[in-house]
Amino acid sequence: MTDQKDENARLNEEHRIRMQKTQAEVRERVKAAQEERGTLIVLTGDGKGKSTSGFGTVARAVGYDMSTAVVQFVKGTWPCGERDLLKKLGVPFHVMGTGFTWDTQDREKDIAAAREAWKTCAEHLQNPDLHLLLMDELTYMLNYGYLDTDEVLSALQARPINQTVVITGRGAPQSLMDIADTVSEVKPLKHAFEAGIKARKGVDW
Ligand code: ATP
Ligand code: MG
């Protein structure tokens, strides 16, 4: 019994010392981070959670009544719960390709729609009053060559200092990750779809 008590006391003390050390290290790092500016966040990889993370960040900003905008590089007919919510809240929300369908596989029309959506992004990227811009599924436009990567990178780098940009999509080009401040890769360890479970409204879209 006493042995057990001693062992517990020793473990508690070890834990206390470890926590104290971690706390000191975290405090040091917090103190060292002095720069205040918006960041470029890239959320990529094949796992589930990129767009939901991007929209989660938009929700955070909206919660503080900060100015946000979303441009979604998907076909306009795709349902999306976040879009309906944010539109109700008055967040500017542009969806590429409303009015035509991807099913036609008309490359020229796809490119025109991508460029149109990019025009909206370019305007947002010049707005110093915009706190946060989400460009959902942008990476595909770069990978298909629908948008000029250099033009996109230049606009990102020239944006107002306090503006944060979140970009989502699989296969983010290296050049985009190179200029980003934060890059997360979502890795699929398991996905319900592979077990034959259908995607669900209010969960997957
Ligand atoms: P979410 O919108 O759920 O955060 P995502 O943005 O990470 O997903 P996308 O690549 O944009 O993923 O996927 C579009 C759709 O496919 C979404 O409905 C998403 O839930 C689903 N999905 C994402 N990853 C996988 C996967 N590994 N296998 C099957 N379906 C997936
Ligand atoms: Mg997505």
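A backbone N or O atom of G49 lies 2.8 Å from an oxygen atom of ligand 1, a polar contact in the sense of a pair of N or O atoms within 3.5 Å. This is a predicted model, in which local features need pLDDT of at least 70 and side-chain atom pairs count only at pLDDT 80 or more, while totals for chains, interfaces and linings use all residues. Residues are numbered from 1 along each chain as its sequence is written, chains are lettered from A and ligands numbered from 1 in the order in which they are written, and side-chain values use heavy atoms, with hydrogens and water left out.

Backbone contacts to ligand 1 are listed below.

| Residue (backbone N or O atom) | Distance to an oxygen atom of ligand 1 |
|---|---|
| G47 | 3.2 Å |
| G49 | 2.8 Å |
| D204 | 2.7 Å |

The residues around ligand 1 include K48, K50, T52, H191 and F193; a residue is near a molecule if one of its heavy atoms lies within 4 Å of it. S51 and E137 also belong to the surroundings of ligand 1.

These two residues, S51 through OG and E137 through OE, coordinate the magnesium ion (ligand 2) at 2.0 to 2.1 Å. Donors are N, O and S atoms within 2.8 Å of the metal (3.2 Å for Na, K and Ca), and water is not among the atoms, so sites may look incomplete. The pair joins distant parts of the chain, 86 residues apart: S51 is in helix α2, and E137 is in the loop between β4 (132-136) and α5. Helices (H or I, at least four residues) and strands (E, at least two) are DSSP runs, numbered from the N terminus. S51 has a relative accessible area of 19% and E137 one of 15%; both count as buried because that class means under 20% (exposed is over 50%, partly exposed in between; 1.4 Å probe, protein chains only).

S51 and E137 appear again in the largest pocket, where they lie nearest the centre together with W78, R170 and D204, among 36 lining residues. On a 1 Å grid over the protein atoms alone, a pocket is an open set of points where a 1.4 Å probe fits, with protein on both sides within 12 Å along at least five of seven lines; lining residues have an atom within 4 Å of a point. Helix α2 (50-63), α3 (81-88) and α5 (139-143) each supply at least two residues of this lining, and α2 gives the most, with 4 residues.

Technical notes: Polar contact = N/O pair within 3.5 Å; in protein donor to acceptor, adjacent residues only side chain to side chain.
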